[in-house]
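I opened this model to look up three things. They are the ligand site, one helix and one surface patch.

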Amino acid sequence: MNEFRHVTVLLRETVSALRPRPGGHYLDGTAGGGGHTGLLLEKIQHTGRIEALDRDPDAIAALKKRFAGEPAVTVTQGNFFQAARLFPHPGFHGILLDLGVSSHQLDTPERGFSFHTSAPLDMRMEQDGPTARDLVNTLDEPSLRRILRDYAQEKYAPQIARAMVAQRSAAPIETTTQLADLIAAAVPAAYRREGHPARKTFMALRYACNGELDGLEEALLSLFNLLQPEGRLAVITFNSLEDAAMKRAARQLTAGCTCPPEFPVCVCGKSPRAHSLKPVFPSPEEIERNPRARSAKLRVLERR
Ligand SMILES: C[S@@+](CC[C@H](N)C(=O)[O-])C[C@H]1O[C@@H](n2cnc3c(N)ncnc32)[C@H](O)[C@@H]1O
């Protein structure tokens, strides 16, 4: 594996949102290169416990190297969707998620996430299971169209799905650049001037390949249940679909009584379980330094 490179987004903002305290117990559910974990560890003064979780074996290798000999950090390979099973004795003071892909994943050509360099069309975070190549060469046209529309709101989904099916009837689509060229040829010239026309298709295939969005809201609710009272869940999202899942989870957790307004007293007995903090955005300086931060948004929920 080449050196693990990732510039952490909203580093100080996210760690301070967790109000780290010495002796506390934290979960970094998307630990990546360990940027957030590292600062959190400093803030808890190397006491307490941090569970550093990631589904990607490259991230796990980098985390094990970075935190070797650090008793406060435990590195685990797994999916935060299964956190309740992975951490059966929860009571976390804070949980953080920094959703999406790392720069390491994007910038390592052979991982197949990027349309800039030619590589096998892979895109699997776990490096296991069906690849993006399998999806584009085996799914029927309506399923491909649905993936592009639902996961990326790609307005040329029908044209791109049709082009994929036409291409593969001649020979399988094998590489990132072969797919990117096919997309560029399938969309109108004006669309090509709005940024790379393959951007949305690659994002949609990545989501489909890794199941990142299906069940995200339920996964967030289940993570919230692993918090102690007054514990905080801090989530960085990078687009409207990820953010919508966090907003839906927040709406459920912050909702109180659902009795009709004409009832003189509450009979449902429901009270809000969380308090939602104001969203935080990267500063212009951070975006200048790290353009990948530009679409980031941090939302924080505190357990009551
Ligand atoms: C943006 S990076 C995190 C970077 C990290 N905060 C840092 O400072 O280095 C996102 C990481 O989350 C991991 N990831 C994405 N979805 C995941 C999931 N459902 N469960 C566990 N890890 C996941 C990816 O493999 C990737 O390493």
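I count a residue as buried when its relative accessible area is under 20%. The model is predicted.

**Helix H12**

I checked H12, residues 216–224, against that cut-off. Seven of its nine residues are buried, so I note the helix as mostly covered. I listed the buried ones: Leu216, Glu217, Ala219, Leu220, Leu221, Leu223 and Phe224.

**Ligand site**

Next I turned to the ligand. I found 24 residues around it. Thr8, His36, Asp54, Asn79 and Asp98 are the closest. I sorted the shell by type: 14 residues are polar, six nonpolar and four charged.

Then I looked up individual polar distances. For threonine 8, an N or O atom of the side chain is 2.6 Å from a ligand oxygen. For glycine 35, the partner is a polar backbone atom, 3.2 Å from an oxygen of the ligand. For histidine 36, I read 2.9 Å between a side-chain N or O atom and a nitrogen of the ligand. I also looked up the cover on the ligand. Alone, the ligand exposes 610 Å², and the protein buries 98% of that.

**Surface patch**

Last, I went to the surface. Phe263, Val265 and Val267 make a nonpolar patch of about 300 Å². I placed phenylalanine 263 in the loop between helix H13 (240–254) and strand S6 (274–276). Is phenylalanine 263 buried, partly exposed or exposed? Its relative accessible area is 39%. Exposed needs over 50% and buried under 20%, so I entered phenylalanine 263 as partly exposed.

How values were computed:
Residues numbered from 1 in each chain as written. Predicted model: local features only at pLDDT ≥ 70, side-chain atom pairs only at ≥ 80, totals over all residues. Heavy atoms only, no water. Near = heavy atom within 4 Å. Polar contact = N/O pair within 3.5 Å; in protein donor to acceptor, adjacent residues only side chain to side chain. Areas by Shrake-Rupley, 256 points an atom, 1.4 Å probe, with all protein chains shown as cover. Nonpolar A, V, L, I, M, F, W, Y, C, P; charged D, E, K, R; others polar. Buried < 20%, exposed > 50% of the residue type's maximum accessible area, 1.4 Å probe, protein only. Helix = DSSP H or I, 4+ residues; strand = E, 2+ residues; numbered from the N terminus. Patch = residues over 30% accessible without salt bridge, like charges linked within 9 Å, V, L, I, M, F, W, Y side chains within 5 Å. Salt bridge = Lys/Arg side-chain N within 4 Å of Asp/Glu carboxyl O.
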